[in-house]
Structure formats: structure tokens, C-alpha cells
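User: I have a chain in front of me and want to learn how to read it. Can we go through it step by step?
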Amino acid sequence: GLSRTFTPLVGTANVRYAYGLSDLVGLSAFGGVGLGENPGDDYDNTWFWQLGGVASVNLAKRHGVPLGFALGARTSSYPLTFDNTDGNTWSGLASVAYMGRPDFSITLDTVYEHVPIDYHDTSLGYFGYTLGLNYCF
């Protein structure tokens with residue numbers, strides 16, 4: 001079939017850090033370790049790690065333009081959805097946000113995911129898109 005269902009039990013411990021270089025540029029990073037059932041290893045428990053970071057630019061304060069941009073990357077030794085991976089997965093993120101009001105934002109996120117597959121030296125790559133509307137009241 002075209003799809004399969006995996007129900008691994010996974011637990012992680014993460015550390016996150018954010019730093020504003022200025023009112024224009026911000027950085028954030030995260031790292032984590034975890035233990036979980038690995039679908040690629042007959043659901044035996046496996047230790048794994050994940051690392052990532054994002055750089056963002058907010059044009060609102062300094063330039064009066066209510067736009068923000070972000071670029072980020074993530075890598076992980078544990079792919080949660082594939083049972084025949086061959087190595088670490090990695091992702092890239094590009095995001096644009098409209099932040100014209102303090103209680104409302106619209107974001108468009110584009111994510112590219114790369115998964116090396118253990119089948120004839122194949123890799124799987126795909127894009128995902130998310131449109132977000134946030135209203136705080």
C-alpha cells in the first residue's frame with residue numbers, strides 16, 4: 001500500500017535557547033536526546049538525538065515594515081515516520097510572517113525534509129507548507 005501506520009512510544013528531553021542580537025535579528029537553537037521504539041528495528045528501544053537552529057529578522061521595530069523572515073535547519077538521528085532510513089534526517093525551514101497588529105499574525109512556512117532510504121542508495125525529499133493564522137485575545 002501507499003501508507004503504513006506506526007505507533008512508536010517516544011520520550012525526549014530538550015534544551016532550548018533564544019538570543020536577540022538586536023531588535024532586528026534573533027537566534028534560537030535546540031537540542032535533545034530521547035529514547036523510543038524504533039520502527040526500523042522491530043520497535044526495540046533506541047537512543048536518539050536531535051539538533052536545530054533558526055535565525056530570524058523582524059523588520060517592524062527598526063524599519064516600520066510589519067514583516068518577519070526566518071531560516072532554520074534541523075537534523076535528527078531518529079526519523080519518526082520511516083522504518084527503512086539509512087542515516088540522519090535533516091530539514092530546512094523558510095518562513096514569512098505578517099505582524100501588523102500586536103494580537104494578530106499570518107505566517108507562511110515552507111519546510112523541506114530529506115530522508116536517506118536504505119534501498120538502492122535512494123533518498124526521499126519532500127516539501128511541506130503551512131499557513132498559520134494567530135489571533136490572541
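**Strand by strand**

Analyst: Let us begin with one residue. S91 lies in strand β5. Keep in mind that this is a predicted model.

User: Is S91 buried or exposed?

Analyst: The cut-off for buried is under 20% relative accessible area. S91 has a relative accessibility of 7%. S91 is therefore buried.

User: Which side chain makes a polar contact with the side chain of S91?

Analyst: Look at what S91 touches beyond four places in sequence: G72, A73, R74, V111, Y112 and E113. One of these makes a polar contact with S91, side chain to side chain, at 2.4 Å. That partner is E113.

User: Is W90 buried, partly exposed or exposed?

Analyst: W90 is also found in strand β5, which covers residues 89-101. Partly exposed lies between the limits of 20% and 50%. W90 has a relative accessible area of 41%, so the label is partly exposed.

User: Which residues is W90 in contact with, leaving aside its neighbours within four places in sequence?

Analyst: Contact means heavy atoms within 4.5 Å. Two of the lists overlap: R74, Y112 and E113 are touched by S91 and are in contact with W90. The full list for W90 is R74, T75, Y112, E113 and H114.

User: How far apart are the C-alpha atoms of W90 and G52?

Analyst: Along the chain, W90 and G52 are 38 residues apart. In space, their C-alpha atoms are separated by 9.2 Å.

User: Which backbone oxygen does the side chain of S76 reach?

Analyst: S76 is found in strand β4, residues 67-76. S76 is buried, with a relative accessible area of 2%. Its contacts, leaving aside neighbours within four places, are W49, Q50, N88 and T89. At 3.4 Å, the side chain of S76 reaches the backbone oxygen of W49.

User: What pattern does the chain follow along the sequence?

Analyst: Count the elements before ordering them. The chain has one helix and seven strands. Read along the sequence, the pattern is β-β-β-α-β-β-β-β.

User: What share of the 137 residues is buried?

Analyst: S91 and S76 are two buried examples. Over the 137 residues of the chain, the buried share is 23%.

User: Where is confidence highest, and where is it lowest?

Analyst: The mean pLDDT of the chain is 87, and 89% of its residues reach 70 or more. Confidence is highest in β4, at 95. The lowest mean, 86, belongs to helix α1.

Technical notes. Residues are numbered from 1 along each chain as its sequence is written. This is a predicted model: local features need pLDDT of at least 70, side-chain atom pairs count only at pLDDT 80 or more; totals for chains, interfaces and linings use all residues. Side-chain values use heavy atoms; hydrogens and water are left out. Helices (H or I, at least four residues) and strands (E, at least two) are DSSP runs, numbered from the N terminus. Buried means under 20% relative accessible area, exposed over 50%, partly exposed in between (1.4 Å probe, protein chains only). A polar contact is a pair of N or O atoms within 3.5 Å; within protein, one must be able to donate a hydrogen and the other to accept it, and residues adjacent in sequence count only if both atoms are side-chain atoms. pLDDT is the predictor's confidence in each residue, from 0 to 100.
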